[in-house]
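Colleague: I should like to discuss this model with you. Please display the sequence and structure before we begin.

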4 protein chains.
Amino acid sequence: MQLGMIGLGRMGGNIVRRLMRAGHECVVYDRSAEAIKTLAAEGAKPAADLKGLVDGLTAPRAVWVMLPAGGPTEDTITALAGLLSPGDIIIDGGNSFYKDDIRRAAALEPKDLHYVDVGTSGGVWGLERGYCMMIGGTKAAVDHLDPIFAALAPGLGTVERTPGRDGRDPRAEKGYIHAGPAGAGHFVKMVHNGIEYGLMQAYAEGFDILKNKESKELPEAERYSLDLADIAEVWRRGSVVSSWLLDLSAIALAENETLSNYTGSVADSGEGRWTIMAALEEAVPADVLSTALYVRFRSRQEHTFGEKLLSAMRNKFGGHVERAAGG
Amino acid sequence: MQLGMIGLGRMGGNIVRRLMRAGHECVVYDRSAEAIKTLAAEGAKPAADLKGLVDGLTAPRAVWVMLPAGGPTEDTITALAGLLSPGDIIIDGGNSFYKDDIRRAAALEPKDLHYVDVGTSGGVWGLERGYCMMIGGTKAAVDHLDPIFAALAPGLGTVERTPGRDGRDPRAEKGYIHAGPAGAGHFVKMVHNGIEYGLMQAYAEGFDILKNKESKELPEAERYSLDLADIAEVWRRGSVVSSWLLDLSAIALAENETLSNYTGSVADSGEGRWTIMAALEEAVPADVLSTALYVRFRSRQEHTFGEKLLSAMRNKFGGHVERAAGG
Amino acid sequence: MQLGMIGLGRMGGNIVRRLMRAGHECVVYDRSAEAIKTLAAEGAKPAADLKGLVDGLTAPRAVWVMLPAGGPTEDTITALAGLLSPGDIIIDGGNSFYKDDIRRAAALEPKDLHYVDVGTSGGVWGLERGYCMMIGGTKAAVDHLDPIFAALAPGLGTVERTPGRDGRDPRAEKGYIHAGPAGAGHFVKMVHNGIEYGLMQAYAEGFDILKNKESKELPEAERYSLDLADIAEVWRRGSVVSSWLLDLSAIALAENETLSNYTGSVADSGEGRWTIMAALEEAVPADVLSTALYVRFRSRQEHTFGEKLLSAMRNKFGGHVERAAGG
Amino acid sequence: MQLGMIGLGRMGGNIVRRLMRAGHECVVYDRSAEAIKTLAAEGAKPAADLKGLVDGLTAPRAVWVMLPAGGPTEDTITALAGLLSPGDIIIDGGNSFYKDDIRRAAALEPKDLHYVDVGTSGGVWGLERGYCMMIGGTKAAVDHLDPIFAALAPGLGTVERTPGRDGRDPRAEKGYIHAGPAGAGHFVKMVHNGIEYGLMQAYAEGFDILKNKESKELPEAERYSLDLADIAEVWRRGSVVSSWLLDLSAIALAENETLSNYTGSVADSGEGRWTIMAALEEAVPADVLSTALYVRFRSRQEHTFGEKLLSAMRNKFGGHVERAAGG
């Protein structure tokens with residue numbers, strides 16, 4: 001079927017490619033003419049602007065917006081709403097806040113425009129492996145788009161089938177789900193990313209403990225100099241901590257066991273923070289997910305103001321003077 | 001080759017089975033005559049006691065102790081030390097504290113007995129999938145036992161090969177490593193379990209947030225009733241949070257989406273606590289791994305004394321009276 | 001001077017009392033006629049409704065709203081805005097979210113109505129000891145109300161003077177500050193409460209560790225049966241952990257050392273959650289304040305869904321069956 | 001009465017001074033001749049070595065050891081044990097691990113030497129304000145030393161009396177307690193310090209959130225530039241977060257509101273770590289106390305290895321490249 005794609009960055013571009021490989025027709029637009037040209041050379045139909053993209057599609061149209069959350073996505077959806085016809089579908093495949101989805105879907109509904117939010121995981125691997133998709137929206141719109149989702153998803157793949165799924169929605173086993181009404185897709189994707197932070201931090205702490213087992217502060221008889229690349233590798237087989245994130249760790253450690261090519265200043269996206277806000281609203285204790293986020297906050301500072309206050313209190317109470325390397 | 005196995009529980013019994021399938025010869029002992037009989041019926045050579053087991057093996061002997069950490073393991077190793085001959089090998093495959101390994105290896109060394117510690121992960125799946133093993137001990141002893149480890153390990157399996165491992169120890173890709181001297185195997189296994197707790201807690205919090213999105217305390221327009229079994233399933237394909245623990249979650253949720261067959265009272269083994277002690281000794285911040293352990297502590301109590309003190313302070317300051325269900 | 005008070009609960013009532021003791025004149029209203037009657041008997045001027053209260057005051061009027069945050073406060077302020085005259089002042093002394101203050105002040109400004117937010121700490125002790133106040137609003141309005149704040153605040157008191165404060169705002173030493181423009185008062189109070197949660201939790205955990213030192217799970221030679229009431233008492237003198245919260249703990253423990261009169265189900269108010277949201281917005285790591293809040297969330301549930309999932313994963317991996325009391 | 005003091009550092013020297021002010025006689029020794037000379041000039045009786053100190057005291061002797069925990073304390077106690085006579089008392093007033101106390105008391109008991117452990121809080125303020133003391137040992141020995149403890153303790157002081165203490169041990173209200181048998185004093189002091197870390201961290205995070213409310217990352221209308229020195233000051237009066245640590249924060253912030261005279265590299269002593277180990281042994285969830293410790297560990301590093309691993313995983317999954325200042 002036909003799909004319009006707005007935003008041809010790493011994610012948008014590869015989604016187009018995977019769709020075209022499956023025989024779908026894509027009309028593409030990006031604010032970078034270069035990006036459009038590249039995709040056009042691979043078989044996509046270029047559009048000069050939003051209007052051109054809309055005109056290049058046959059109704060009922062499906063337009064996928066794959067832009068940074070916030071302003072760029074919001075503005076584009078507003079513009080599209082003025083160009084599309086009743087029955088058309090806008091898909092937000094980016095990382096929007098799910099409450100924005102709820103608001104947008106309600107705003108588009110009187111115009112008979114459908115709004116579908118798709119949380120998409122796949123990273124740089126999605127083109128080859130397929131994308132895991134969590135979808136929110138009306139049943140009609142999501143069903144209409146099924147050929148698109150089926151083409152993008154990984155399919156059954158080589159993972160072992162989960163027993164006891166007879167009678168359940170078969171889409172989950174192919175790599176996509178219709179999670180619920182507008183916003184549900186992004187909500188599930190948001191929590192997915194929150195979990196991702198927690199998983200990453202669990203490995204980070206574990207490898208930190210392994211690494212520092214060679215510390216000169218330990219009694220000599222209790223020091224080990226461990227091969228972290230081999231440890232990551234061995235855990236990939238038969239161990240309960242095997243995971244994709246471990247596979248990626250094994251790749252990074254095999255490349256450079258000291259990870260000296262990284263500083264350790266770690267960015268965070270909105271989804272980690274929104275996950276905590278959801279936990280606060282629901283009164284769910286989310287210690288690990290919060291901590292995983294705070295480690296990232298901390299990693300981007302030389303020292304917090306709070307740490308200075310700790311030193312100040314120690315000085316005022318016990319007369320302690322700071323040392324650069326404490327004990 | 002020949003191996004003596006002491007302890008024929010779930011782990012010990014299946015290790016014997018997997019070794020026999022690979023053509024190795026096993027002499028087995030357990031304090032339960034029934035357990036011995038079962039394995040004997042499957043081809044193992046039964047021993048009536050430790051002495052019988054030692055006599056049933058040809059020197060240099062290899063005896064694998066697969067018993068609960070602490071007293072049972074300690075007593076058995078002490079007894080074995082009096083029965084074995086110079087050049088024999090004692091393998092502790094259980095979950096011993098690594099400092100006990102260091103002590104034991106040093107105590108056995110003057111008698112020319114070798115001590116090998118094997119951290120073993122595999123659960124109820126190990127018989128079929130193979131065991132992931134982290135091994136500590138002398139090079140000579142570990143090399144001598146290589147046929148045993150090779151038979152127990154999963155082998156290359158179906159996971160994608162990690163690029164850039166040329167020239168590295170090929171055993172890691174087969175599912176076992178020689179981590180270092182005595183204790184190193186159990187140390188790596190200990191941290192492995194610490195990580196496991198952290199990973200599990202990350203999923204637990206995430207699914208808790210998904211589950212409570214249907215809470216009546218939320219504005220109605222922001223509630224979703226999510227299918228957790230389908231969510232776990234869809235994340236198994238193409239998503240960065242895919243892992244074995246997620247596979248297991250998907251199985252459990254497909255069986256019973258409300259998990260009403262569990263109370264939520266969660267045990268912890270020594271390894272989670274020892275991981276935190278290691279972090280304390282190394283001055284490594286281990287927030288997530290600690291929290292994951294504390295959640296388990298908390299899960300086994302109705303209320304902590306600390307919570308009562310919180311209520312008491314609130315009462316004494318603000319005159320607040322407790323409600324069973326707070327707000 | 002004159003003050004109108006709306007809301008004669010524990011806080012509002014005592015504020016009126018303390019003001020009257022200092023010679024101020026109070027016009028009072030509450031939806032409970034009984035509450036009005038009680039205060040009137042103590043010298044306050046009763047009003048039958050909001051209009052009556054406004055009519056009972058001479059312009060420029062000052063009306064203090066002391067109601068639950070959210071609906072009650074919002075509705076009352078909206079109603080007052082229709083009754084007051086240019087130059088009058090509305091004071092929100094409750095626990096409103098500071099972003100609501102910013103919005104309200106902006107909405108009232110075109111009508112030339114002043115909006116002052118006062119974060120008030122004092123609990124059941126405020127009547128006698130005075131209230132600590134953190135104030136937001138325009139300089140003119142805050143200065144105009146100074147006699148009110150001066151009367152409510154504790155004054156210099158018996159605490160030792162902080163050296164080096166010459167040239168600084170003397171109000172801080174009397175127990176009130178003009179923190180900044182609208183919302184700043186409630187923002188500071190909000191963080192104040194966030195800190196309170198953290199402080200409380202630090203004591204809670206410490207006393208929990210003291211309490212459980214008598215646990216039968218410990219080696220007998222390492223058990224102590226400690227007198228928690230005496231410990232709380234001794235720390236009140238000369239120790240760096242002395243504080244008001246410790247004083248309150250000492251009172252509660254002297255009353256009932258096992259705290260068996262409390263269940264340990266702990267409520268939380270909006271301010272603890274908003275503090276974490278502020279930390280998220282600012283990218284400040286707030287581990288302790290978050291945890292303190294999560295402990296309260298957890299304290300109100302028998303088990304979390306997350307804990308059930310932990311049990312489920314343990315069962316599916318290792319075949320572990322839950323025990324009511326784990327190990 | 002008479003007391004021998006070994007170790008004339010900040011704590012030991014001031015304890016001697018406070019005892020002499022109360023009319024007690026002190027025989028003093030330190031490895032620094034200068035330190036001995038200083039105290040001798042103030043009225044103490046100098047000793048040239050341990051033997052001289054023992055000889056300078058009349059039996060039954062009381063010798064207070066005030067040295068760094070670990071080697072220095074251990075060696076000195078061992079040496080004293082060879083010099084003292086049956087019925088003499090050794091007091092360890094430092095920060096020893098309580099399990100060392102248990103061991104030492106048991107070792108000295110056959111020689112009829114008494115061992116008393118005193119956890120002492122007071123910092124640089126103790127000389128004037130008195131020391132809060134938590135004492136472990138036999139009733140006989142602790143009672144014998146009562147005049148010493150009474151002189152060192154703050155006494156009733158100016159804090160309000162806790163109601164309901166009739167019939168309870170009056171020593172707690174004077175600032176010292178007999179907590180239990182050997183080790184109990186240091187155990188209580190250890191948890192005291194654990195709590196201290198937690199309290200400090202609660203303030204640290206709160207002030208960090210206040211400080212960063214001026215961050216340029218926030219919408220301009222929601223920024224405040226708050227006076228932290230005045231906030232700390234105002235909370236000292238009438239607020240539930242008032243405490244000694246807050247008093248100290250107020251002093252530090254009045255001196256230098258940006259705390260630019262501190263780097264924020266924060267040391268930790270053994271007691272914080274031991275508190276967590278005790279929590280692990282007792283299965284008490286100690287999230288806040290652990291986190292407070294981990295913040296200090298983290299504060300002494302530029303980046304953890306764990307943070308580098310986070311960056312590595314992000315790079316391998318999503319192709320993310322690190323930025324020095326993330327988002």
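Colleague: Which elements cover the buried residues of α12(D)?

Modeller: This is a predicted model, in which local features need pLDDT of at least 70, side-chain atom pairs count only at pLDDT 80 or more, and totals for chains, interfaces and linings use all residues. Residues are numbered from 1 along each chain as its sequence is written, chains are lettered from A and ligands numbered from 1 in the order written, and side-chain values use heavy atoms, without hydrogens and water. In α12(D), a DSSP run (H or I, at least four residues, numbered from the N terminus), 11 of the 12 residues are buried, meaning under 20% relative accessible area with a 1.4 Å probe, protein chains only. The cover, by contact (heavy atoms within 4.5 Å), includes α15 (305-318) of chain A together with α6 (126-129), α10 (184-211) and α11 (228-234) of chain D.

Colleague: What area is buried between chain C and chain D?

Modeller: Each of these chains brings 93 residues to the contact. Buried area is the accessible area (1.4 Å probe) that two parts lose on being put together, summed over both. Carbon and sulfur atoms give 65% of a total of about 7,600 Å².

Colleague: Which residue of chain D meets C:K99 in a salt bridge?

Modeller: A salt bridge requires a side-chain nitrogen of Lys or Arg within 4 Å of a carboxyl oxygen of Asp or Glu. The rule finds 10 across the interface of chain C and chain D. At 3.3 Å, N to O, the side chain of C:K99 meets that of D:E222.

Note on methods:
Buried < 20%, exposed > 50% of the residue type's maximum accessible area, 1.4 Å probe, protein only. Helix = DSSP H or I, 4+ residues; strand = E, 2+ residues; numbered from the N terminus.
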